[in-house]
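Me: I should like to study a protein model by way of short questions. Please reason through each reply and finish on the value or name requested.

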Amino acid sequence: MNERSKRCQVVTSCVECYRRKKKCDRKRPCNNCLTRRVPECCTYEHNVSTRDNVHIGSSRTGSISAAQNSESQLAWGADESPISGSHVDQSELWTTHTLAQDVIQTLGGEGQRATSLAQTPWHTQSSNYQALVSQLPPISSIRNIVEYYFEHMNWSYEIVQQYYCKSLLTQWVEASETTASINLGLLSRDLQYFPALVFQIMALTLMYIPLSEAAKFLHVTDGQSLDTQSNHYGDLGMKLMDLLGRRNPSVVGVQHDLVRFAWLKNFGCGKNSLRSLQDAVRQAQELGLHQQKVIRQRNGPMEETLRSFWYDEHLRRLWVLIFAWDRVNASLNGHPVLVDGLSCNIKVPLDCVFPKDPAKTIPMSLGIAGGDTPSPFSVHIFRYTLACVIQKIRTSNQGVKDYSIVRRYHERMVETLDDLPSILRPVHLQPDLSWDSEYRFLQYQREDVSTTLNIFLLALHRPYIHTHSESRCAALDASLSILESQERLFARADKRHRKYFGHAFYTVSAAILVTMIVARHPSQDQNIRARIRRTLAQAIEQLSQIRNINSIAGSALPLILACYEKMETALREADTTVVLPTAPTQTPVASLNELPDFSASLDTTSGFPLEAHEVARDQPMIDANSVDINFTADGSSHAIPYQDKGLENTSDYDVSYWINNIQNISGFATNIQEELRWDALFG
């Protein structure tokens, strides 16, 4: 073809749209660049023709000028840093509504996401972003709250690493103090989302921080005002996330949703906490956190390679948390798992304390014996190991066809205790207590280890409770161990913290299961009966103490008392027809093969001496009539009016939830085979 006959192709799209092979509307900036939040990248190699400008019309010029005006409106004075909130009336942060009303509005917004940043005009995005960020407290207060979180709370979650959080906080402060205006397009995605994460960290911290500490840098007067402020900050974080959107994921966005998940779970908001976990899973998978990265030695300084390694370690830890929490949630609530474990191939993170300076730290895990200090992440690796066992069960096509599979997985779960550092082993395995005075979190993590193991053992044996005596024995022992562990945690907990999820949910679930198993299959061992009665009596006492501040305890206590009466009735009926055998000697059980016939007695693995559970004679330790509760047809209580304490009354775990829970475990299902499917158990 003649060269002169070729048409000269003029590129009228912006550089970004041309590179991405997207249709460009040739505005300045174009819609695609606005949607992707990179307006500064919207440039043209050739001028847009006059015809295109005429076609766009006068409204085009108006939108450009509006965007320019919006940037000028973002300019802050020297004494009005956006992170200080000094120009915001602090009284506006308080609301005249009750905390329960606030959280209903908040959670309603989470179910129906607000308009995202990508769907909002650019000038509105920036002004809305500034309005939310300006409600952060002064930087000194933020630093104090963040310091408290890492010193006293992060060991329980390990969602955020202190090194990266402080680095982002420094960058954010510099960006807000050294520039006349903030252009969101010039900030990294992590930095854009960082204020939302700060809001959630503050919300979670205010749930646990003592009032005396919080009063040093916040205007709070009592525990109720702390809860109100906590809810307010969590609400602001969600509004920022909804404004920015989740279509372009970021690591900080994943962390925000995980912290939000923990906050909602603490208040018993099961459905909304699941949504936050779903958001975290979706973003994490889009970022590829479930896929192992290859870290190679760089040609430059060793510091760069070390930084890359530890950042990858940080991301792997984040995924381990997501995977394990997903499996625990599914085992507790019976919903399908969110993560397909078949696509995960990451290496298990190092069991060590995350370094204060990754660029100067050689990666190694020496353990306590090798000179390491206790690592808060050990318990999360333990939970992840158990979750991987559950994953193998899910992918197995066996199950009810061969009960030996259950025995094998039971032994494998119990064997995971052998890999734990001696400082984290449960009470009955004689842990090393020499570090407890310096690292107080160890005594809480030991109970976490015990509870987590027994939750997974219950999930394993639950389908076989009514068909195999070995599973009845294992499930009953696991439930009693959970109750005993929760009893120790309850004794250590601050009274203000007893309204939260963990201090009631695990106790209620285990107590209901114990009463239902014994009611259907009464034990004839007097020492086992004594242990059951003592443990249930303590559980009922705990729930009675908090029933007016913890909605889970308030809704479930009448049902537990009714179940207890049902259990005692079954034991009395069994005594009239069966000669009671002599109690066998207790030995710890690591294998189901060692378990005796449940109908004769129940061996235990708790490690507590039988003498601690013995009573003078076989009689109930609880009299339902002595508890100040009146039963109604729906299981509710009207003896003591339920006090409106705020957020704790918005729990999803109401009477209907526990009634359904009883129906699922009582053995009255018409189709037993349906209960025995692996996919029904593990999603």
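Me: In which helix does Ala 539 lie?
Reply: The structure is a predicted model. The helix in question covers residues 526-546, and Ala 539 falls in that range. The name of the helix is α21.

Me: Is Ala 539 buried or exposed?
Reply: A residue counts as buried under 20% relative accessible area. Ala 539 has a relative accessible area of 4%. Ala 539 is therefore classed as buried.

Me: Which residues does Ala 539 touch, not counting residues up to four places away in sequence?
Reply: One partner, Thr 507, is 32 residues apart from Ala 539 along the chain, yet their C-alpha atoms are separated by 6.5 Å. With residues up to four places away in sequence left out, the residues touched by Ala 539 are Leu 483 and Thr 507.

Me: How far apart are the end C-alpha atoms of helix α22?
Reply: Helix α22 has 25 residues, 551-575, and at 1.5 Å a residue it should span 36 Å. The distance in the model agrees with this expectation. The end C-alpha atoms of α22 are 37 Å apart.

Me: At which residue does α22 bend?
Reply: The bend is about 35 degrees. A proline, Pro 558, follows within four residues of the bend. The residue at which α22 bends is Leu 557.

Me: Which residue caps the N-terminal end of α22?
Reply: The cap is made by a side-chain oxygen that lies 3.0 Å from the backbone nitrogen of Ile 552. The residue that supplies this oxygen is Asn 550.

Me: How many of the 25 residues of α22 are buried?
Reply: Helix α22 is largely enclosed by the rest of the structure. This follows because the number of buried residues, out of 25, is 18.

Me: Which backbone nitrogen does the side chain of Asp 326 reach?
Reply: Asp 326 lies in helix α15, residues 302-333, and counts as buried at 0% relative accessibility. Among the residues that Asp 326 touches are Leu 277, His 335 and Val 337. At 3.0 Å, its side chain reaches the backbone nitrogen of Val 339.

Me: Which helix gives the largest share of the largest nonpolar core?
Reply: This core has 79 residues, of which Ile 159, Leu 204, Leu 258 and Trp 319 touch the most other members. The largest share, 13 residues, comes from a helix spanning residues 189-208. That helix is α10.

Me: How many residues form the second, separate core?
Reply: The members of this second core include Val 328, Ile 390, Leu 417 and Leu 543. The second core is separate and has 70 residues.

Me: What is the phi of Glu 158?
Reply: Most residues other than glycine have a negative phi. Glu 158 is not a glycine, yet its phi is positive. Glu 158 is found in the loop between α8 and α9, and its phi is about 55 degrees.

Me: Is Lys 21 buried or exposed?
Reply: Lys 21 lies in the loop between α1 and α2, and also has a positive phi, of about 55 degrees. A residue counts as exposed over 50% relative accessible area. With a relative accessible area of 74%, Lys 21 is therefore exposed.

Me: What percentage of the residues of the protein count as buried?
Reply: The protein has 25 helices and 0 strands. Of its 683 residues, the share that counts as buried is 54%.

Terms used:
Residues are numbered from 1 along each chain as its sequence is written. This is a predicted model: local features need pLDDT of at least 70, side-chain atom pairs count only at pLDDT 80 or more; totals for chains, interfaces and linings use all residues. Side-chain values use heavy atoms; hydrogens and water are left out. Helices (H or I, at least four residues) and strands (E, at least two) are DSSP runs, numbered from the N terminus. Buried means under 20% relative accessible area, exposed over 50%, partly exposed in between (1.4 Å probe, protein chains only). Contact means heavy atoms within 4.5 Å. The expected span of a helix is 1.5 Å times one less than its number of residues. The bend at a residue is the angle between axes fitted to the seven residues ending there and the seven starting there. A polar contact is a pair of N or O atoms within 3.5 Å; within protein, one must be able to donate a hydrogen and the other to accept it, and residues adjacent in sequence count only if both atoms are side-chain atoms. A nonpolar core is a set of buried Ala, Val, Leu, Ile, Met, Phe, Trp, Tyr and Cys residues joined through side-chain atoms within 4.5 Å.
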